[in-house]
Every structure is written in C-alpha cells, then in structure tokens.
Amino acid sequence: MEKKTKPSCVPMAEAQSSPPCALPGLLLLLIGGISSVQAGPADFWCNHQVRRNMGKEIVGMRADVLACVGADTLRSPVPLPCVMVHATEWADKTLQQKCAEVVEALREFRGGVQGTKNQSTSECQASLLEKLERHISNYVAIVSRLQVQSGAVTPPPSPPRSCSSVNSTSEVLKRYGNLLRGKLERLAIDLRDEAPESGQRSTAAKGRCG
C-alpha cells in the first residue's frame, strides 16, 4: 500500500535536491539587503536566531519614531490584518493555506504603510515608513517564494480581512512584530516539522533544523 505524504512548500521535482531547509540561492538576493542575515538562505527557515535578528530591526524603527517629532501620528487610519493565531484553526490548515495567509497579512501591512506614507508631510516620518515598507517587502518575497516552490495552482487571492485600523506608527510596528513572532514563526516551525514526514529532509538539513 502506497504511503501518503503530507503537502510541502517545495515541489516534488525538487524533493531530493532541495529540501525545505535548503531553499534556492535566489533567496539570497531577496534578503541580501538585510544586514543581520549573514548565513545562507536555508538559515532563515531553519534557524530561529536568524529570523529573530531580522525582526530586531523593528526595535530600531521604534527608536526612530521617538526621534522624529510627530512621527507617531498618522494622517489617516491604517487598516491592519488579523495577527492573532487561533491554535485550533491554524492546526487544521494545510501548509499552502498557511503560506497564503501569512503572505496576505504581509501584503495588507505593506499596502497600509504605502498609503499612509504617500500622505505624510513629514520628511523623517516618510523616511521611516519607507524603511518599514522595504522591511515588509523582504518578508513578502521570502514567503511568496515558498508559494512559488509549491508547484500548486494558486487560487484567486481573497480580499484582505482587516481586523482593526490604527493612527499610530508605534501600533503598526507592534502589530507587525506580532505577525512575525506569531504566524510567520509558526509557519517556519510547521515547515521544519513537516519535512521528516514527507521524506524531503537531507542529512545536512537534519543537522541544521533538528
């Protein structure tokens, strides 16, 4: 009887040569602009510390908000996605659904930041929002890469689901950080846990993600 394997964010054609913890070199170009990433692209998904270091840039942005007079007050409310993780609902989703959910949330953050940046009349605030937009775009590229690797047919994107709107840059940064520590981190853990069962984990990957 043929053994069934769980779905993964890596196409079957690459199963033997490119396990989840050995993403293509192209990802280096996508995250190469982030100074905290010194190792290969596999480290992003396999190494919690690498992801944590990337997230630490948010701390610097919070300091920038304090240094810029009026930077914390946005001209219009920014709609934000749901970032809270409901454990039972999350467990019932496939990896593809989780990937899509994280990408959708990141894109809504980026869209909200872009909109309020274009309305800003403060040079230092606009610069801060531009920095945040680039930071979010890096994550969009990384997680979108997983979707591309899946080889699955991508359904039409569903309308973003906003949970709240805020007028504070600090609150945007707080919610964004919650998304990275919540759904994104759970996605990374799920990728690690799925790999051994789907037979797509190499010896090197075991040593890195074990």
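**Exercise 1. Place T169 in this predicted model: in which helix is T169 found, and is T169 buried or exposed?**

Solution.
- Start with the element. T169 is found in helix α8.
- Next, the surface. T169 has a relative accessible area of 2%. The cut-off for buried is under 20%, so T169 is buried.
- Then list the neighbours. Beyond four places in sequence, T169 is in contact with V65, A71, D72, L74, Q125, L128 and L129.

**Exercise 2. Stay in helix α8 and describe E185: which residues does E185 contact, and which side chain joins E185 in a polar contact?**

Solution.
- E185 lies in helix α8, which spans residues 169-197.
- Its relative accessible area is 14%. That is under the 20% limit, so E185 counts as buried.
- With neighbours within four places in sequence set aside, the contacts of E185 are H48, R51 and L180.
- One of these partners, H48, also makes a polar contact: the side chains of E185 and H48 are joined at 3.0 Å.

**Exercise 3. Find the disulfide and say which parts of the chain the pair ties together.**

Solution.
- Count. The structure holds one disulfide.
- Identify. C68 is joined to C124, with an S to S distance of 1.7 Å.
- Give the hand. The angle about the S-S bond is 50°, and the link of C68 and C124 is right-handed.
- Locate both ends. C68 sits in the loop between α4 (57-67) and β1 (73-81), and C124 in helix α7 (residues 123-149), so the pair ties together parts 56 residues apart in sequence.
- Check burial at each end. C68 is buried, at 7% relative accessible area. C124 is partly exposed, at 36%.
- Turn to another cysteine. C99 is buried, with a relative accessible area of 0%.

**Exercise 4. Describe the largest nonpolar core: which residues touch the most other members, and which elements give two or more residues?**

Solution.
- The largest nonpolar core has 38 residues.
- The residues that touch the most other members are W45, L106, V172, Y176 and L187.
- The elements giving two or more residues to this core are α2 (42-46), α4, β1, α6 (95-119), α7 and α8.
- Take V172 as an example. Not counting residues up to four places away in sequence, V172 touches L74, V78, L80, F109, V113, L132 and V166.

**Exercise 5. Trace the salt bridges of E101: where do E101 and K183 lie, and how far apart in sequence are the parts they tie together?**

Solution.
- Begin with the principle. Side chains of opposite charge can pair when their charged atoms come close.
- Get the total. The whole structure has 10 salt bridges.
- Take the first partner. E101 forms a salt bridge with K93, the closest N and O atoms being 3.2 Å apart.
- Compare accessibility. E101 counts as buried, at 15%, whereas K93 is partly exposed, at 26%.
- Take the next partner. E101 also forms a salt bridge with K183, with the closest N and O atoms 2.8 Å apart.
- Place this pair. E101 lies in helix α6 and K183 in helix α8, so the pair ties together parts that are 82 residues apart in sequence.
- Finish with burial. E101 and K183 are both buried.

**Exercise 6. Describe the salt bridge of R175 and E171, then name the residues of the salt-bridge network.**

Solution.
- The side chains of R175 and E171 meet at 2.8 Å, N to O.
- Both residues lie in helix α8. R175 and E171 are four residues apart, about one turn of the helix.
- R175 is partly exposed, at 22% relative accessible area. E171 also counts as partly exposed, at 22%.
- Now the network. Salt bridges link K117, E130, E133 and R134.

**Exercise 7. Judge the confidence: what is the mean pLDDT of the chain, and which stretches fall below 50?**

Solution.
- The chain has a mean pLDDT of 75, and 65% of its residues reach 70 or more.
- Over residues 2-41 the pLDDT is below 50. This stretch has 73 contacts in the model beyond near neighbours in sequence.
- Over residues 197-210 the pLDDT also stays under 50. Here the model has 28 contacts beyond four places in sequence.
- Apply the rule. Where pLDDT is low, the predicted coordinates should not be read in detail.

Key: Residues numbered from 1 in each chain as written. Predicted model: local features only at pLDDT ≥ 70, side-chain atom pairs only at ≥ 80, totals over all residues. Heavy atoms only, no water. Buried < 20%, exposed > 50% of the residue type's maximum accessible area, 1.4 Å probe, protein only. Polar contact = N/O pair within 3.5 Å; in protein donor to acceptor, adjacent residues only side chain to side chain. Contact = heavy atoms within 4.5 Å. pLDDT = per-residue confidence, 0-100. Disulfide = S-S within 2.5 Å. Core = buried A, V, L, I, M, F, W, Y, C linked by side-chain atoms within 4.5 Å. Salt bridge = Lys/Arg side-chain N within 4 Å of Asp/Glu carboxyl O.
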